[in-house]
Amino acid sequence: GDLKIKALAEIFRVLKPGGRVFILEIASSVSSLTSRFSDWIVHLHGGHKAMKNSLQKLVPMMERAGFTDIESGAYRTRQLASLTAVKGSAQ
């Protein structure tokens, strides 16, 4: 947790006002056959929900760092989940 908070604070520090951060979590392998199988297994075991929940734990840390307009997304094709946030222009 502490390392993530420090990383988010540093990202916030170096972004220009209005800058956007994009965090992507990937749960898929490189091989296409292996990828399809692992995607199916991850989906079967609630992978999208688990990844989304994992990223949702970052939301309060991002808010604490000063980010605004935090949004999450999920992409079924490759077991991807994302968060985007903005460094407010008033910061």
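This report describes a three-stranded sheet, two helices that lie against it and a nonpolar surface patch.

The model is predicted, with local features requiring pLDDT of at least 70 and side-chain atom pairs pLDDT 80 or more, while totals for chains, interfaces and linings use all residues. Residues are numbered from 1 along each chain as its sequence is written, and side-chain values use heavy atoms, without hydrogens and water.

The open sheet has 3 strands in the order β1-β3-β2, with antiparallel pairing. Strands (E, at least two residues) and helices (H or I, at least four) are DSSP runs numbered from the N terminus, and pairing requires at least two DSSP bridges. β1 and β2 are the edge strands, each pairing on one side only. On average, neighbouring strands are turned by 15° against each other, direction ignored. Between β1 and β3 there are 7 antiparallel bridges; Glu25 has Ala81 in β3 as its bridge partner.

Two helices contact the sheet (heavy atoms within 4.5 Å). Angles, from 0 to 180 degrees, are taken between N-to-C directions of lines fitted to C-alpha atoms, for helices over the stretch in contact.

| Helix | Residues | Strands | Angle to β2 |
|---|---|---|---|
| α1 | residues 2–14 | β1, β2 and β3 | about 115° |
| α4 | residues 58–65 | β1, β2 and β3 | about 155° |

Phe22, Leu24, Ile26 and Tyr75 form a nonpolar surface patch with about 400 Å² of accessible area together (Shrake-Rupley method, 1.4 Å probe, only the protein chains shown counting as cover). Patch residues have over 30% relative accessible area and no salt bridge, with nonpolar side chains joined within 5 Å; a salt bridge places a Lys or Arg side-chain nitrogen within 4 Å of an Asp or Glu carboxyl oxygen. β1 gives the most to this patch, with 3 residues. Tyr75 belongs to β2 and counts as partly exposed because its relative accessibility is 37%, between the limits of 20% for buried and 50% for exposed.

Definitions and conventions: Patches are made of residues with over 30% relative accessible area and no salt bridge: like charges are joined within 9 Å, nonpolar side chains (Val, Leu, Ile, Met, Phe, Trp, Tyr) within 5 Å. Buried means under 20% relative accessible area, exposed over 50%, partly exposed in between (1.4 Å probe, protein chains only).
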